[in-house]
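Thanks, everyone, for making time this morning. I would like to walk you through one model, beginning with how far it can be trusted and then turning to its metal site and one of its sheets.

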Amino acid sequence: MSFIQHRTLSRRAFCLCCVAATGCTATGGWLSPSQAYAKARNTVDLIRDDAAKAPIQVHKLRRDVSVLEGSGGNIAVLTGADGKVFIDAGITVSRPRILEAANSLSPDPIRHLINTHWHFDHADGNTWLNAEGAVIIAHENTPKHLLVARRVEDWDYTFPSSPLAAVPTEVFSLDMTVDVNRSKLALKYYGPAHTDCDISITFPEADILHCGDTYWNGIYPFIDYSTGGNIDGMIKAAEANVATVTDKTVVIPGHGQPVSNKAELTEYRDMLVAIRANVAKLKQQGRPLEDTIAAKPTATFDAKWGQFVITPDFFTRLVYHGV
Ligand SMILES: [Zn+2]
């Protein structure tokens, strides 16, 4: 069951977040930078190990659109005579199980891959999907991050540069339409939000919106300040997502339960706004980070939202950084 595996991952990753947030070991001793690096590195490897074992769950949505869950971010698949379109590529170790799941939907070859942003849990599989025949489409900032070694400070991890085959060859700055399988996919740049290269993908005929990592369903989100993300951009993106959907729209989050809706999306937006206000108030009072974390500005939300990779303390730190 992927639920159990997610819980396992959540417990392991909890340790990473503590390490990343405080530089402190479980027993209270401080880690040297190289120890912290080794720990974080191990956990990125653990995410890969987890994906290597996780089954891929298929959720059929509407028309020819499905979601594959279990390899990094949620992967949407559009099937049809022009070949499959993947939204995000998951983690490479899942390749055989992703292929099996995709083949269970239809025999169409994979012809397009759209990256919601550059992060490895969404783009690690780019190389093999390109080898399958997929043209890779993304925001123009995505190749910039993939072409060089990129350090994500909050994960204390430097991702190596990607092979050329993994780098998107069709890019855009504001929006783009992909006309495929009798569907006009609408790709739209959010502006800086979770990173500086987040895009949404709308399937207008099926009334489905894939939000990438601007939306984490029922869990605190990560915000990658190292590559241009910030809390105010996350809120702006959440506002844009709420404004663009109706009560009938199927909303796909980057992480969390993959079939969501306007009500859950709105609750997520409200959570971001409330915590940002709480943290900003404390910071404006001159409270340093550690005091702000100790004041527990996320407390009323923690039981629901604090149960996954991004812990309440870590999320407080991410918000504090941007207000
Ligand atoms: Zn991400």
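Let me start with the term pLDDT, which is the predictor's confidence in each residue, on a scale from 0 to 100. What you have in front of you is a predicted model, and its average pLDDT is 88, with 87% of the residues scoring at least 70. The exception I want to flag is residues 1–31, where pLDDT stays under 50, although the model has 46 contacts beyond four places in sequence for that stretch. Where pLDDT is low, the predicted coordinates should not be read in detail, and I will leave that segment aside.

Now to the metal. Which residues coordinate the zinc ion? The donors are His 117 through NE2, His 119 through ND1, His 194 through NE2 and Asp 213 through OD, at 2.2 Å. Written along the sequence, the spacing of these donor residues is H-x1-H-x74-H-x18-D. Within that set, His 119 and His 194 link distant parts of the chain, being 75 residues apart: His 119 sits in the loop between strand 5 and helix 4, whereas His 194 sits in the loop between strand 11 and strand 12. Both are buried, His 119 with a relative accessible area of 7% and His 194 with one of 1%.

Why do I call the arrangement irregular? The 4 donor atoms subtend angles of 86 to 173 degrees around the zinc ion, and that range makes the geometry irregular; to count as tetrahedral, four donors would need all their angles between 85 and 135 degrees.

A further histidine deserves a word, namely His 145, which lies in helix 6, residues 141–146. His 145 is buried as well, at a relative accessible area of 5%, and, leaving aside its neighbours within four places in sequence, its contacts are Trp 118, Arg 150, Asp 196, Cys 197 and Thr 227.

Finally, the sheet. Five strands form an open sheet in the order 10-11-12-13-15, with mixed pairing. Strand 10, residues 175–180, and strand 15, residues 250–252, are at the edges, and each has a single partner strand, so one side of each is left without a neighbour in the sheet. From one strand to the next, the twist averages 20 degrees. Looking inside the sheet, strand 12, residues 199–203, pairs with strand 13, residues 208–210, in the antiparallel sense over 3 bridges, and Thr 202 has Leu 209 in strand 13 as its bridge partner.

Note on methods:
Residues numbered from 1 in each chain as written. Predicted model: local features only at pLDDT ≥ 70, side-chain atom pairs only at ≥ 80, totals over all residues. Heavy atoms only, no water. Pairing = 2+ DSSP bridges. Helix = DSSP H or I, 4+ residues; strand = E, 2+ residues; numbered from the N terminus. Axes fitted to C-alpha atoms, helices over the stretch in contact; angles between N-to-C directions. Contact = heavy atoms within 4.5 Å. Donors = N, O, S within 2.8 Å, 3.2 Å for Na, K, Ca; no water. Tetrahedral: all angles 85-135°; square planar, octahedral: opposite > 155°, others 65-115°. Buried < 20%, exposed > 50% of the residue type's maximum accessible area, 1.4 Å probe, protein only.
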